[in-house]
Amino acid sequence: MNFKSLTGSIAGIMLICAATVSAADIIPLPASVTKGKSSYTFPKETTYMVPAYEGDSIANLFTIMLPELEKATGANIRKTDANSDISLMLDMSVPPEGYNLNVSPAGVVISASRPAGFFYGLQTLRQMLPVVAASPATVEEVTITDSPRFGWRGFMLDEGRHIFGKDEVKRVLDMMALYKMNRLHWHLTEDQGWRIEIKKYPKLTDVGAKRKSTSLGWGSFNTDTVPYYGFYTQDDIKEIVAYAKDRFIEVVPEIDIPGHTQAAVAAYPEILACDPENTHEVWIMQGVSRDVMNVSNPAAVQFAKDIIDELIPLFPYGYIHLGGDECPTDKWEKNDACIAQLDSIGSTNFRDLQLNFYKELVNHIAAKPKDEQRKLIFWNEVLHGNTDMLPKDMTIMAWVGADKAAKEAATRGLTTILTPQIPYYINRKQSPLAGEPLTQGWGTETLEAVYNYVPMKDIPAELADKYMGVQANFWSEYVIAPELLEYLMLPRLLAVAEAGWTPQNERNYEDFHKRLRTHEDIFQANDWNYARHAFAKEICKKCLEKKTK
């Protein structure tokens with residue numbers, strides 16, 4: 001199915017007047033907006049001024065954004081040292097990701113204390129301008145004071161099942177940047193495919209990145225006979241991480257171990273399998289494979305350490321995600337070495353083998369130089385084991401029973417990120433309409449449902465500092481084409497972006513929906529595919545009057 005044709009046919013039944021984004025239409029909604037009565041028109045030859053900053057990073061970010069700003073203002077923009085039209089001013093009283101934006105008849109002034117704050121202020125200005133200006137643009141007078149509610153405003157992309165490629169990942173990063181999201185959680189390994197080059201273990205991609213079917217079987221949805229293959233080289237990874245860094249997005253890799261590892265087991269059964277004598281192949285089904293790593297094998301532990309050693313220089317940020325979800329213990333329960341190891345750690349809970357495995361990885365990372373150390377993130381299933389084995393600086397990503405799991409993690413003294421399966425899994429159907437493409441769910445994860453989820457609802461004040469933020473997740477079992485990825489992401493990604501940024505008491509779905517409708521021109525100008533449902537709920541009266549005349 002051509003999803004652009006599908007969404008175009010939906011658009012064909014709508015009558016919507018084109019609208020420009022004003023200060024009242026910004027997404028995510030700023031903390032404070034005060035509109036004036038005047039405006040500012042950019043001169044054809046517009047100037048800008050940036051403050052000196054360590055590494056010249058503020059000047060660099062303005063240079064990166066210059067093409068978009070010139071397109072949006074319709075002006076030629078050049079640097080000056082004084083009396084500029086766009087002035088970036090250091091103000092150390094502003095929060096690290098916050099900014100103050102003032103537009104007056106004298107020009108545009110953005111104040112911030114860090115490069116990220118200037119970047120977000122420029123994104124707000126960019127939203128207030130035309131997508132493309134035929135002549136120098138006019139922007140309304142406004143004063144905005146703004147900073148995010150949460151430090152973690154994330155999106156997870158699963159490329160273990162299906163891989164979308166460098167260009168599409170960059171498009172996703174562009175979407176995230178415009179709407180002030182700052183973490184790409186990159187899910188790179190699965191039962192159905194290993195998508196990152198590990199030089200010490202070449203068969204992870206020679207074998208683990210290939211499977212016999214493009215489609216993944218589930219219920220009546222059958223596999224096919226079209227071979228599927230793809231992975232990112234380490235040079236690809238560096239390119240994407242650098243692209244994200246320019247947009248103030250940290251890329252957090254996920255290597256899901258010891259469960260969800262059938263592709264790795266197929267590549268190295270002699271090291272990883274609990275039953276190496278049997279045949280192991282990259283999985284072509286959905287669901288949870290029971291072919292997990294043999295965590296009692298010292299060679300398998302060393303395998304994991306070696307992978308972490310290659311990840312650290314590729315992802316120069318504070319976190320690595322090691323999965324931890326949906327790890328069946330069946331094969332461990334029948335393996336003599338696993339049984340013996342469980343006895344040696346004084347436990348009868350086979351889940352503790354998983355946490356003991358993580359403990360060895362934690363110790364390996366802790367022995368590294370400080371600049372190579374990383375904190376670990378896990379899905380909330382690890383709470384089912386003895387978390388006293390692990391450090392208190394690990395983070396729990398709460399997805400199943402998210403509110404309860406997050407509160408349990410916080411009560412145990414652990415930081416947590418809210419990624420509720422319902423409704424923040426935005427790979428699921430967003431409408432019960434018969435024409436929707438095949439994917440997971442029943443169409444109940446509507447834009448409104450995504451928006452109306454309340455992070456940290458009824459959480460005691462003493463636990464609040466354990467909540468790092470929110471994240472939308474995208475799993476790709478059914479999603480093969482980039483067009484479908486974008487169709488399901490947009491506009492629901494914006495609802496999660498606003499939950500991460502805007503104060504809860506300022507959030508209102510009706511207001512968000514009204515603002516969202518002015519962003520359709522942005523989607524179209526960027527050639528982003530998107531679902532039209534939210535843009536079809538109202539009919540523009542002026543357009544209807546024109547049609548009936």
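## Backbone exceptions in loops

In this predicted model, D56 is found in the loop that runs between strand 2 (45–49) and helix 2, and its phi is near 60°, a positive value in a residue other than glycine. At 41% relative accessibility, D56 counts as partly exposed, because that value falls between the cut-offs of 20% and 50%. A positive phi of about 60° also occurs at D458, although D458 is not a glycine; this residue is found in the loop between helix 15 (447–452) and strand 19 (467–474). With a relative accessible area of 67%, D458 is exposed.

Two cis peptide bonds can be described alongside these residues. One runs from I27 to P28, with omega near -5°, and P28 has its place in the loop between helix 1 (3–11) and strand 1 (32–41). Another joins L490 and P491, with omega about 5°, and P491 lies in the loop between helix 16 (482–489) and helix 17.

## Helix 17 and the rings around W501

Helix 17 (residues 492–501), which follows the loop that holds P491, is mostly covered, since 10 of its 10 residues are buried. Among the buried residues are the charged R492 and E498, as well as W501.

W501 also belongs to a cluster in which ring pairs link it with F119, Y120 and F248, while K180 lies over the face of W501, at 5.7 Å from the ring centre. A charge is likewise placed over a ring at Y451, where the charged end of R507 sits 4.5 Å from the ring centre.

## An aromatic pair between distant strands

The structure holds 26 aromatic pairs. One of them is formed by W152 and Y319, which meet edge-to-face at 5.8 Å centre to centre, with 85° between the planes. This pair links distant parts of the chain, with W152 in strand 8 (residues 152–158) and Y319 in strand 15 (residues 319–321), 167 residues apart. Both W152 and Y319 are buried.

## The enclosed cavity

The count comes to 1 cavity of 30 Å³ or more, and about 140 Å³ of space lies in the largest cavity. Helix 2 (57–73), helix 3 (115–128) and helix 19 (520–525) each supply at least two residues of its lining, and helix 2 gives the most, with 3 residues.

By class, the lining has 7 nonpolar, 2 polar and 3 charged residues. Its members include the charged E68, K71 and R126, the polar Q127 and N526, and nonpolar residues such as L129, P130, V131, L178 and I522.

Technical notes: Residues are numbered from 1 along each chain as its sequence is written. This is a predicted model: local features need pLDDT of at least 70, side-chain atom pairs count only at pLDDT 80 or more; totals for chains, interfaces and linings use all residues. Side-chain values use heavy atoms; hydrogens and water are left out. On a 1 Å grid over the protein atoms alone, a cavity is a set of points where a 1.4 Å probe fits but cannot get out, and a pocket is an open set with protein on both sides within 12 Å along at least five of seven lines; lining residues have an atom within 4 Å of a point. Grid points are joined across faces, edges and corners, and a volume is the space filled by probe spheres set on the points. Helices (H or I, at least four residues) and strands (E, at least two) are DSSP runs, numbered from the N terminus. Rings of Phe, Tyr and Trp (its six-membered ring) pair if their centres lie within 6.5 Å; planes under 30 degrees apart count as stacked, over 60 as edge-to-face and the rest as tilted. Buried means under 20% relative accessible area, exposed over 50%, partly exposed in between (1.4 Å probe, protein chains only). A charge sits over a ring if NZ of Lys or CZ of Arg is within 6 Å of the ring centre and within 35 degrees of the ring normal.
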